[in-house]
Amino acid sequence: MPEHRHHFPNIYAKCLSIGIDITKQYIPVAPSAHYMCGGIKVDLDGQSSIKRLYAVGECSCTGLHGGNRLASNSLIEAVVYADAAARHSLEVIDQYDFNDRVPEWNDEGTMTNEEKVLIAQDVKEVNQIMSTYVGIVRSDLRLHRAWERLDLLYEETEHLFKRVKPTKDICELRNMINVGYLITRQALERKESRGLHYTIDYAKHALDKK
């Protein structure tokens, strides 16, 4: 279809470079980020319940467009709240003290991290767990399976973290596992379908707050 090449030249060229002709084939898409969508409640300044932490964009829950906001609405919302959060942070930043007496990291007794292959594999596994079991369509069985897998990864990663010198990769892995824990825990506690998160175990309790 010529209109594809005309309207989306960059996407067309990129996809073609990796062997996908969008005029003939579908683009494989994994909506991995959607398990974070609309999860962090914020006030009118974009502030979360954690002091000094702002949440803006797809991860935030503003209530501005109800439970089922559309993409165009969320873009406008993100711009408005980004502006509000920036203004508020500039107003209050001079009131904050910063700890500049943090001691140097003591990694005495640890080993050089030679287990990069383990970390890389665990990152892939966390991504797969979250996309497969904690995606848009959920069930208690899938969420419990995700919880068990994340628990195992947590224990393995903490054991490795205590033995090796910390690197950006292993710190990011620990953060990914912790965030996955929190998302899965909250999903297990929610007994209704809300917004784009649909649970097949509580389909009759769907909420559509507009």
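This report walks through surface patches, salt bridges and one loop residue in a predicted model.

## Surface patches

Let us start on the outside. A patch of negative charge on the surface is formed where Glu 148, Asp 151, Glu 155 and Glu 156 gather. One of these residues, Glu 155, sits in helix H5, which runs over residues 140–161. Glu 155 has a relative accessible area of 46%, so it counts as partly exposed, between the limits of 20% and 50%.

The surface also carries a nonpolar patch, made up of Phe 8, Ile 11, Ile 27 and Val 29. Together these four residues offer about 380 Å² of accessible area. Among them, Ile 11 belongs to helix H2, residues 9–17. With a relative accessibility of 43%, Ile 11 is partly exposed.

## A salt bridge within helix H3

Salt bridges come next, and the structure holds 6 of them. A good one to look up is the pair Arg 87 and Asp 83, whose closest N and O atoms are 2.8 Å apart. Both residues are in helix H3, residues 71–92, and because they are 4 residues apart there, about one helical turn separates them.

How exposed are the two partners, Arg 87 and Asp 83? Arg 87 is exposed, at 52% relative accessible area, while Asp 83 is partly exposed, at 38%.

## A salt bridge between helices H5 and H6

Now turn to Arg 174, which forms a salt bridge with Glu 158; here the closest N and O atoms lie 2.8 Å apart. This pair links distant parts of the chain, with Arg 174 in helix H6 (residues 168–189) and Glu 158 in helix H5, 16 residues apart.

Is Glu 158 buried or exposed? Glu 158 has a relative accessible area of 14%, and it counts as buried because that value is under 20%. Its partner Arg 174 is partly exposed, with a relative accessible area of 24%.

## A network in helix H6

Helix H6 offers another pair to inspect. Glu 172 and Lys 168 form a salt bridge, with 3.4 Å between the closest N and O atoms. Their positions in helix H6 are 4 residues apart, so the two are separated by about one helical turn. Lys 168 is exposed, with a relative accessible area of 58%, whereas Glu 172 is partly exposed at 39%. Asp 169 takes part as well: salt bridges with shared partners join Lys 168, Asp 169 and Glu 172 into one network.

## The loop before H6

Finally, have a look at Thr 167, in the loop between H5 and H6. This residue is partly exposed, its relative accessible area being 29%. A polar atom of the Thr 167 side chain lies 3.4 Å from the backbone nitrogen of Ile 170.

Which residue is 55 residues away from Thr 167 along the chain, with a C-alpha separation of 9.7 Å? The residue is Thr 112.

Note on methods: Residues are numbered from 1 along each chain as its sequence is written. This is a predicted model: local features need pLDDT of at least 70, side-chain atom pairs count only at pLDDT 80 or more; totals for chains, interfaces and linings use all residues. Side-chain values use heavy atoms; hydrogens and water are left out. Patches are made of residues with over 30% relative accessible area and no salt bridge: like charges are joined within 9 Å, nonpolar side chains (Val, Leu, Ile, Met, Phe, Trp, Tyr) within 5 Å. Accessible areas come from the Shrake-Rupley method with a 1.4 Å probe; for residues, only the protein chains shown count as cover. A salt bridge is a side-chain nitrogen of Lys or Arg within 4 Å of a carboxyl oxygen of Asp or Glu. Lys and Arg count as positive and Asp and Glu as negative; His and the chain ends are not counted. The place of a charge is taken as NZ of Lys, CZ of Arg, CG of Asp or CD of Glu. Buried means under 20% relative accessible area, exposed over 50%, partly exposed in between (1.4 Å probe, protein chains only). A polar contact is a pair of N or O atoms within 3.5 Å; within protein, one must be able to donate a hydrogen and the other to accept it, and residues adjacent in sequence count only if both atoms are side-chain atoms.
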